[in-house]
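User: I am new to this structure. Please walk me through it in short questions and answers.

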Amino acid sequence: MGQTITEKILDDHLVEGELTPGEEIGIEIDQVLTQDTTGTMVWLQFEALDLDEVQTELAAQYCDHQTYQFDFKNTDDHRFLRSAAGTYGAYFSRPGNGICHQVHKENFAAPGKTLLGSDSHTPTPGGLGQLAIGAGGLDIAVAMGGGPYYVEMPEVVNVHLEGELPEWATAKDIALHLLGELTVKGGVGKIFEYTGPGAENLTIPERTTITNLGTELGATSSIFATDEKTKDWLARQDREEEYVDLQPDDDAEYAETIEVDLTELEPLVAAPSMPDNVAPVSEYAGTDVEQVIVGSCTNGAYEDILPSAKMLEGREVAKQTEMIVAPGSKQASEMLAREGWTAEMMAAGVNFSEATCGACIGIGHVPASDSVSLRTFNRNFEGRSGIEDDSVFLCSPEVATAAAITGKIVDPRDLADDLGDLEAPGLEMGTKYGPGMGQSDSDIISPDEAIDDGLVKGPNIGDVPIKNGIDAEIGGEALLKMEDNITTDHIIPATADILKFRSNIEKLSEFTLSRVDDTFAQRSLDADGGVLVAGENYGQGSSREHAALCPMYLGIEAVFAQSFARIHKANLFNFGIVPLAIDAETYEQIDQGDDIHIVDDVPAGVRSGQDEFTVSVNDDWEFTAELDASEREREILAAGGKLSWVKQQHTGG
Ligand code: F3S
């Protein structure tokens, strides 16, 4: 049977398992990337692995999410990241050089290679034929140590694109159209593979806009075949030799095929406050717009910003509206500046941001209260812009710029009719200048150019706690009994005032479960640890590993819950906390403060495949709790967590 592109790349990198959807596979990782908010923990974990250097072909550390410095903690984090990259042999991209996905695409992404990144939009270079997946920090550290990445084999879905986009419809509209049709859950457990004449017509920046937004579908990854356009784009980055031909076989079998006729698409928006709340621009025409931002990892390339510049040539931004351009990379900024477009846009009333995530996560350019902001970004969740009553629309650079010109949401086709002399800007490819022309990679420090001697840690950067094995007797006080649907936000809140301690687990753990009970952390320390009890779906939400790491630091040995969210359960294994399932009746019978102990020898039971454990409550009554774990998860748990497990493998222990 023929293979899809995804299957070909996975086959080439397969270390364990078979390519059967739903089965766990282990794959070799060629490249890794981390960014500044997840990277410190990645490197602290890598340090704990006691390895001398990165084992993957390439690792790159970016500083992009928080480049505006609020206090020394952020600057210290960036300095630590630079020192870690230099010490262990990774590339370091300086703050202001751009957003990880854009800079990685320009400099390192390569067709046929695997990429694992500690950021959810890691799949962006799928537009270049790279199989790229987002993961938690510990998985990145382990991959950098040469370990495989384990993932459930996704279903491969074919998105077959027919025809060409009409004037004023863009790649962003293809992605928004799919979001409207499939919703933000439509891609869970899937990889989207784009094929057909419509896909061949798209340029690389257009393809990477689509693969970037695949994350909003919940997809594991998204990928395009490679072709002359890929080769041409790599040549424009002086990397033509990295081209490889990648096509699905003619008889490749997909789990499902989705047909999209590009000729039927029109300019779209995702209305507040979900990326799948999609409608034609015309539905919101006439809405007052106070702010427009063009940029981000979705539409921050030179080729994304140039259409805005062309539309603004000889025009001005409406007086009631502010327009900001936030390029995805310094390369994009520099190309626009060298060609005079920056000056043109400034003259039209545009303000330029440094190349950073910034506004995308509410750091800078927060909209005014109760106002409309049009952004070319990928997420418009309520409050993400930095203010709770925000009203953020997602759209293409063309739709955003049309709104900047008029001060209102307007279908750019109608604006073109009204103005008479506004042409659809189309797409023009940029070319990176060679070193002799001044365009350089001066903001990327290669491992050979490392300037630090060892790790440089400021006072806010602590050690990563590591647990060796699990106790034979597990139990203690039920320190907290929680209800259903406790999220990772409940366990470790993500507000900026708390997350600034993400490199300092001792400090961060003080906030553990504070949204449920603000005495919890202190009670845990006083009791020398204990257990947690929860209802259904414990740990839903993000993949935040601090939500398992901090409870581990506080001495939590087991969580008894009616059910667990998938990623959080994996994180509990990764940090040596035993996740045990209980039934509703048992949940009702347990009280906070009860003394709960597992009667069986836990490490022996975990190792031998025991899936039911007897648990005693107050030495008064007993219940049965279930452990549902794969063989690998049992090994990890018995070792005390993934860090210890990997260390044992390396030392043969
Ligand atoms: Fe940064 Fe926003 Fe992309 S936070 S990585 S620009 S989704």
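Analyst: One term comes up early: two strands pair if DSSP finds at least two bridges between them. Note also that this is a predicted model.

User: Which residue of S27 stands opposite Val615?

Analyst: Strand S26 covers residues 612-617 and strand S27 covers residues 621-626. They pair in the antiparallel sense, over six bridges. Across from Val615, in S27, stands Phe623.

User: Which residue in the turn between S26 and S27 has a positive phi?

Analyst: S26 and S27 form a hairpin, and three residues lie between them. One residue in that turn has a positive phi of about 55 degrees: Asn618.

User: How is the chain divided into domains, and what separation do the centres of domain 2 and domain 3 have?

Analyst: Domain 1 spans 5-264, domain 2 spans 282-424 and domain 3 spans 475-651. Taken over C-alpha atoms, the centres of domain 2 and domain 3 are separated by 45 Å.

User: Where does the largest nonpolar core lie?

Analyst: This core has 80 residues. Trp43, Leu116, Leu532, Tyr538 and Val559 have the most contacts inside it. Both domain 1 (5-264) and domain 3 (475-651) give residues to this core, so it lies between domain 1 and domain 3.

User: How many residues does the second, separate core have?

Analyst: Val281, Ala309, Val399 and Ile409 are among its members. The core is separate, and its residue count is 38.

User: Which residues is Leu532 in contact with, leaving aside its neighbours within four places in sequence?

Analyst: Leu532 is one of the residues with the most contacts inside the largest nonpolar core. Tyr538 and Val559, also on that list, are among its partners. In full, Leu532 is in contact with Leu480, Met482, Leu513, Phe520, Tyr538, Ile556, Ala558, Val559 and Phe560.

User: What is the strand order in the open sheet of four strands, and which are its edge strands?

Analyst: The order is S11-S10-S9-S12, with parallel pairing. An edge strand pairs on one side only. That description fits S11 (221-224) and S12 (256-261).

User: Which residue in S10 stands opposite Val156?

Analyst: S9 (residues 155-162) and S10 (residues 190-195) run parallel. Six bridges join them. Opposite Val156, in S10, stands Ile191.

User: At what angle does helix H6 run to S12?

Analyst: H6 takes in residues 171-182. The helix lies across S9, S10 and S12. Its angle to S12 is about 125 degrees.

User: Why is helix H8 described as largely enclosed by the rest of the structure?

Analyst: H8 covers residues 204-213. Its buried residues include Ile204 and Leu213, and also Glu206 and Arg207. The helix is largely enclosed because its buried residues number 10 of the 10.

User: Does Arg379 count as buried or exposed, and which side chains does its side chain join in polar contacts?

Analyst: Arg379 is found in the loop between S18 (372-375) and S19 (391-394). Its relative accessibility is 18%, and buried means under 20%, so Arg379 counts as buried. Its side chain makes a polar contact of 3.3 Å with the side chain of Ser120. Another, of 2.5 Å, joins it to the side chain of Glu216.

User: How far apart in space are Ile29 and Thr56, C-alpha to C-alpha?

Analyst: Ile29 lies in the loop between S2 (24-27) and S3 (31-34). Ile29 is buried, with a relative accessible area of 7%. Thr56 is among the residues Ile29 touches, as are Thr114 and Leu116. In sequence Ile29 and Thr56 are 27 residues apart, and in space 6.7 Å.

User: Which side chain makes a polar contact with the side chain of Lys113?

Analyst: Lys113 sits in the loop between H4 and S6 (114-117). Its relative accessible area is 26%, which makes Lys113 partly exposed. Lys113 touches Asp30, Glu57, Gln130 and Leu131, not counting residues up to four places away in sequence. The polar contact, at 3.0 Å, is with Glu57.

User: Which helices help cover the buried residues of H11?

Analyst: The buried residues of H11 (residues 330-338) are Gln331, Ala332, Glu334, Met335 and Leu336. What covers them includes H4 (100-107), H10 (302-312) and H12 (341-348).

Methods. Residues are numbered from 1 along each chain as its sequence is written. This is a predicted model: local features need pLDDT of at least 70, side-chain atom pairs count only at pLDDT 80 or more; totals for chains, interfaces and linings use all residues. Side-chain values use heavy atoms; hydrogens and water are left out. Buried means under 20% relative accessible area, exposed over 50%, partly exposed in between (1.4 Å probe, protein chains only). Helices (H or I, at least four residues) and strands (E, at least two) are DSSP runs, numbered from the N terminus. A nonpolar core is a set of buried Ala, Val, Leu, Ile, Met, Phe, Trp, Tyr and Cys residues joined through side-chain atoms within 4.5 Å. Domain bounds come from an automatic or database domain assignment. Contact means heavy atoms within 4.5 Å. A polar contact is a pair of N or O atoms within 3.5 Å; within protein, one must be able to donate a hydrogen and the other to accept it, and residues adjacent in sequence count only if both atoms are side-chain atoms. Axes are lines fitted to C-alpha atoms, for helices over the stretch in contact, and angles run from 0 to 180 degrees between N-to-C directions.
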